[in-house]
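Here are some exercises to work through with the structure open beside you. Try each task before reading its solution.

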Amino acid sequence: MNRLTTAWGTHDLTRFPEDPRDQLRAWDAADAYLLRHLAETGVPTGTGDGALVVALDRWGALTTALAAHRPVQISDSHLARSATRANLARAGLGDPGAAGVRLLTTRDTPPERIDVLLVRVPKSLALLEDQLHRLAPALHPGTLVVGTGMVKEIHTSTLRLFERIVGPTRTSLAEQKARLIHATVARRDRPAPSPWPLRYALPDGIGPMSGRTVTNHAGIFCADRLDVGTRFFLGQLPVPDGPARVVDLGCGNGVVGTAVARTSPEAEIVFVDESHQAVASAEQTFRDNAPDPERGTFLVTDGLDDPDAVASSSVDLVLTNPPFHSHQAVTDATARRMFAGARRVLRPGGELWVVANRHLGHHRQLRRLFGNCVTAASDPKFVVLRAVKS
């Protein structure tokens, strides 16, 4: 648990799910810098007709600290929304709705009028671009727009996005390796339409998805191309028989699960990701390419931890390309939780297939968890691992 002291009080904050072994904080210097700035300059109240919007808040630190101002949080992350709920409750504010806090996703319709827009600069420049386009129509000349991020996260391209979509932009001096972005809303012709979602045809030579068109909403991993790990995985996928239940875990744009659907048309494919943008991408990719578009289920949830989302011992095959980053931090915590969730949902004899960089050493964790793990395929960079639930 990490304590954040602000002008609005002191809050004990955690990431989600809370893990005492996790040393990563739920806030950083960029969050603290923005909150100090607002305390020193005053949070504008506007006309009372507009909203205070916190866009892309990572773990709810900004939303929790500013709860008295009834913010609207916009997030792509199921984990961030869950962390926000937990942090609000820990602060004694109870349910977000009762506290006057609205939690929206990046797929929801934003407020019609925004008086204050606070943006936590995300790792994905594409997600920032997409959200600025979505929010721009609600801005007006009196809107206060402030972005925040660590110095290493704010590039010339970041500032150009604010300049092009919002208006004249400047940055603050750096404090504790964090920086603020100040943008002035300019009354002018609206920027060109958002380029997202991006659709492109996959290359040949990758099996059943060769030449097929995929849909990629902003912010998903490798949204503008097929990443090399997934490409390798597509050439190694098992072909389940009959009406098997298959989970594409951390589905991204859904290309892996859709490939299985094309080789095993009786299979039911469950697409799971904690990103709303990813699940929207997977759903469209599946609808456009699967032999039977009704045989897909799409879940925005915390991996396979929730028994209400996917029942225990109900799945024949889990396929995953797990991440090894949480925002800018390198960690295997997400992969470990994904493996444990996969074991829970697999039937006896069910299989988990994992593609990963060789150096990550996931085979050790899988052997501890499943009691077995074999290498199904490998090349100089990647390895495909197979573990069977006994």
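**Exercise 1. In which sense do S13 and S14 pair, and over how many bridges?**

Solution. Start with the two strands themselves: S13 and S14 run in the parallel sense and share 5 bridges. Two strands pair if DSSP finds at least two bridges between them. Strands are DSSP runs of E with at least two residues, helices are runs of H or I with at least four, and both are numbered from the N terminus. For a landmark, find Val 272, whose bridge partner in S14 is Leu 299.

Before going on, a word on the model: it is predicted, with local features needing pLDDT of at least 70 and side-chain atom pairs counting only at pLDDT 80 or more, while totals for chains, interfaces and linings use all residues. Residues are numbered from 1 along each chain as its sequence is written, and side-chain values use heavy atoms, with hydrogens and water left out.

**Exercise 2. Place S13 and S14 in their sheet, and find what packs on it.**

Solution. Step one is the strand order: S14-S13-S12-S15-S18-S20-S19, an open sheet of 7 strands with mixed pairing. Step two, look at the ends: S14 (296-300) and S19 (374-378) each have a single partner strand, so one side of each has no neighbour in the sheet. Step three is the twist, where neighbouring strands are turned by 20° against each other on average, direction ignored. Angles run from 0 to 180 degrees between N-to-C directions, and axes are lines fitted to C-alpha atoms, for helices over the stretch in contact. Step four, add the helices: H8 packs on the sheet and touches S13 and S14, its direction making about 170° with that of S14. H10 also packs on the sheet, touching S18 (346-357) and S20 (382-388), and makes about 170° with the direction of S18. Contact here means heavy atoms within 4.5 Å.

**Exercise 3. Which aromatic residue in S13 pairs with one in H8?**

Solution. There are 3 aromatic pairs in the structure. One of them joins Phe 271 and Phe 286 edge-to-face, at 5.2 Å centre to centre with 65° between the planes. Rings of Phe, Tyr and Trp (its six-membered ring) pair if their centres lie within 6.5 Å; planes under 30 degrees apart count as stacked, over 60 as edge-to-face and the rest as tilted. Now trace the chain: Phe 271 sits in S13 (residues 268-273) and Phe 286 in H8, 15 residues apart, so to speak a link between distant parts of the chain.

**Exercise 4. Describe how H7 meets H8.**

Solution. Two packed helices are described by the angle between their axes and the distance between the axes. For H7 (residues 255-263) and H8 (residues 276-289), the axes come within 9 Å and cross at roughly 20°. H7 and H8 are therefore roughly parallel (under 35 degrees; over 145 is roughly antiparallel, 65 to 115 roughly perpendicular and the rest oblique). Next, pick out the residues: Thr 258, Ala 261 and Arg 262 of H7 touch Thr 285, Phe 286 and Asn 289 of H8.

**Exercise 5. How close do the axes of H9 and H10 come, and which residues meet?**

Solution. The axes of H9 (residues 333-345) and H10 (residues 362-370) come within 11 Å and cross at roughly 35°. On the H9 side are Ala 335, Arg 336, Phe 339, Ala 340 and Arg 343, meeting His 362, Gln 365, Leu 366, Leu 369 and Phe 370 of H10.
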